[in-house]
Number of protein chains: 2
Amino acid sequence: MPQPGLRERKKQATRRMIADIATGLFVRRGFDAVTVAEIADAAGVSKMTVFNYFPRKEDLYLDRHLDRLRELEAVVRDRPAGEPVSVAMRRYQHGLLAAQHPLSGAVEGVRGFWSVLRDSPALRSRMVEQEHEIAELLAGLLTEETGDEFGCRLLGNLLAATITTIWHTAVDRIVAGDDVDRVRRDQLAVIDRAFDVLEQGIGPRREPLHSDG
Amino acid sequence: MPQPGLRERKKQATRRMIADIATGLFVRRGFDAVTVAEIADAAGVSKMTVFNYFPRKEDLYLDRHLDRLRELEAVVRDRPAGEPVSVAMRRYQHGLLAAQHPLSGAVEGVRGFWSVLRDSPALRSRMVEQEHEIAELLAGLLTEETGDEFGCRLLGNLLAATITTIWHTAVDRIVAGDDVDRVRRDQLAVIDRAFDVLEQGIGPRREPLHSDG
DNA sequence: AGGAATAGTAGACCGAGTACAAAATTTGGT
DNA sequence: ACCAAATTTTGTACTCGGTCTACTATTCCT
């Protein structure tokens with residue numbers, strides 16, 4: 001028997017094909033201007049099948065979310081014993097940047113990706129929701145460890161706020177036209193500054209948030 | 001001529017009436033089980049008029065959002081010169097709690113409010129979006145002050161994460177059946193602990209987040 | 001090969017939200 | 001009080017996302 005099963009392989013292939021065709025249409029004509037019926041048609045499949053694989057239209061575009069959640073879960077779960085989450089998460093962000101991973105935000109591809117997102121409220125809304133799911137995931141994982149419900153929820157939310165801020169910072173600059181390599185070099189400082197704030201606090205003592213080392 | 005104009009007053013009255021009638025229906029039968037057509041009918045108004053006042057169905061239930069944004073804006077704008085935002089925001093949260101304001105979360109009314117939210121994904125999603133708008137508002141206001149785009153976005157997101165965590169903590173306990181007065185007393189410590197974490201940082205040094213004073 | 005699962009299809013259906021043009025109402029000036 | 005302009009409200013028809021149901025085709029397992 002083939003390891004994943006023929007059936008399962010076909011399903012994954014179909015899923016990818018639908019998402020790819022959909023993404024292509026979105027990039028060319030905009031998210032709202034493409035109907036699900038069209039996507040189904042272009043993919044040679046029925047509308048029901050599309051919704052079978054993707055519960056919402058938005059998920060056709062933001063289809064890496066589950067992978068991301070799994071990865072973040074691994075970051076938290078597989079960190080060395082006793083290591084603070086923020087340290088593991090900072091290391092992970094450094095890794096994304098070094099690997100030129102799309103999730104670092106500092107990558108050529110975000111231009112096209114964002115141009116679709118920019119003018120679709122529905123899509124942006126779904127993205128915000130996904131960022132919220134990240135916060136919930138982190139909070140849940142940490143609560144499992146310590147049992148401190150409130151503290152971990154707070155920590156999860158702060159962590160999620162930190163990494164989404166880091167990401168948006170890179171994306172904004174690239175979309176604004178900055179050179180990708182320059183942004184990538186600067187992101188190292190951005191990541192460290194963000195996690196420093198998270199770990200040391202926002203003050204009061206040091207100035208609100210001026211950037212002298 | 002009456003100051004706000006007759007027309008304007010009537011509009012506000014209509015708006016309130018529609019929202020109130022809608023809320024009543026939602027509480028009785030659940031958000032998803034009530035159609036906009038029904039609401040319009042019950043309010044003696046046409047469907048178009050409903051959408052004239054409330055761009056989305058969800059806004060019929062979460063209609064205090066703009067007020068809240070305005071209030072938060074005032075907190076930031078009207079704070080004493082030189083005072084860190086976190087201090088002003090902490091004071092504001094204390095004030096809400098003392099005034100037994102619904103936005104403190106520690107109020108009898110949240111039980112009904114939440115029960116509707118709980119089983120409507122669309123409604124929860126919109127609420128998350130609103131929380132995101134809070135973060136953006138704060139970030140924008142702070143950026144106006146300092147010009148430090150990245151730092152202020154981070155600060156805005158962290159602040160928003162903090163206050164939403166505080167709110168949800170109270171709501172969760174009350175929904176879980178805790179006595180409202182007890183929750184209200186405990187919230188003082190919750191607020192202070194949250195803002196302490198925000199100001200002092202999450203570590204590393206102190207344990208991840210254990211609660212010994 | 002054959003029967004149990006499972007994936008996909010077709011088509012009707014529902015409700016949110018929009019477009020548009022006609023009708024009702026407020027307003028301000030006279 | 002009356003008229004004309006501006007603006008709100010309405011009815012109707014429409015689009016599109018998403019669900020439901022019953023039917024067909026494929027894959028799986030023995």
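**Close-up views of a predicted two-chain model**

**View 1. B:Leu158 and its neighbours.** Leaving aside residues up to four places away in sequence, B:Leu158 touches A:Leu158, A:Ala161, A:Ile202 and B:Leu198. Please keep in mind that this is a predicted model.

**View 2. Two nonpolar cores.** Let us step back to the core. The largest nonpolar core holds 86 residues. Within this core, the residues with the most contacts are A:Leu138, A:Leu158, B:Leu138 and B:Leu158. A second core, separate from that one, has 13 residues, and B:Ala22, B:Ile39, B:Leu60 and B:Leu123 are among them.

**View 3. Helices H8 and H9 of chain B, packed together.** Here H8(B), residues 149-175, packs against H9(B), residues 180-200, at an angle of about 160°. The two axes lie 10 Å apart. Angles over 145 degrees count as roughly antiparallel, so H8(B) is roughly antiparallel to H9(B). The crossing of this pair, H8(B) and H9(B), is right-handed.

**View 4. The residues between H8(B) and H9(B).** From H8(B), look for B:Leu158, B:Thr162, B:Thr165, B:Ile166, B:Thr169, B:Ala170, B:Arg173 and B:Ile174. They meet B:Val180, B:Val183, B:Gln187, B:Val190, B:Ile191, B:Ala194, B:Phe195 and B:Leu198 of H9(B). By type, the residues of this contact divide into 11 nonpolar, 4 polar and 1 charged. You will recognise B:Leu158 here; B:Leu198 also appeared in the first view, as a residue that B:Leu158 touches.

**View 5. Where chain A meets chain B.** Chain A brings 36 residues to the contact and chain B brings 35 residues. On the side of chain A that touches chain B, the elements giving two or more residues are helices H5 (85-98), H7 (121-146), H8 (149-175) and H9 (180-200) of chain A. H8(A) supplies the largest share of that side, with 12 residues. Sorted by type, the residues on the side of chain A that touches chain B comprise 18 nonpolar, 14 polar and 4 charged.

**View 6. A:Val27 in helix H1 of chain A.** For the last close-up, find A:Val27 in H1 of chain A, the helix that spans residues 6-29. A:Val27 has 15 other C-beta atoms within 10 Å. A residue counts as buried with 20 or more such atoms and exposed with 12 or fewer, so A:Val27 is partly exposed. Not counting residues up to four places away in sequence, A:Val27 touches A:Gly112 and A:Val116. A:Tyr61 is 34 residues from A:Val27 in sequence, and their C-alpha atoms are 9.8 Å apart in space.

Definitions and conventions. Residues are numbered from 1 along each chain as its sequence is written. Chains are lettered from A and ligands numbered from 1 in the order in which they are written. This is a predicted model: local features need pLDDT of at least 70, side-chain atom pairs count only at pLDDT 80 or more; totals for chains, interfaces and linings use all residues. Axes are lines fitted to C-alpha atoms, for helices over the stretch in contact, and angles run from 0 to 180 degrees between N-to-C directions. Helices (H or I, at least four residues) and strands (E, at least two) are DSSP runs, numbered from the N terminus. Angles under 35 degrees count as roughly parallel, over 145 as roughly antiparallel, 65 to 115 as roughly perpendicular and the rest as oblique. A crossing is left-handed if the near helix is turned anticlockwise from the far one by less than a right angle, and right-handed if clockwise. Two residues are in contact if their C-beta atoms, placed from the backbone, lie within 7 Å. Ala, Val, Leu, Ile, Met, Phe, Trp, Tyr, Cys and Pro count as nonpolar, Asp, Glu, Lys and Arg as charged, and the others, Gly among them, as polar. A nonpolar core is a set of buried Ala, Val, Leu, Ile, Met, Phe, Trp, Tyr and Cys residues joined through C-beta atoms within 7 Å.
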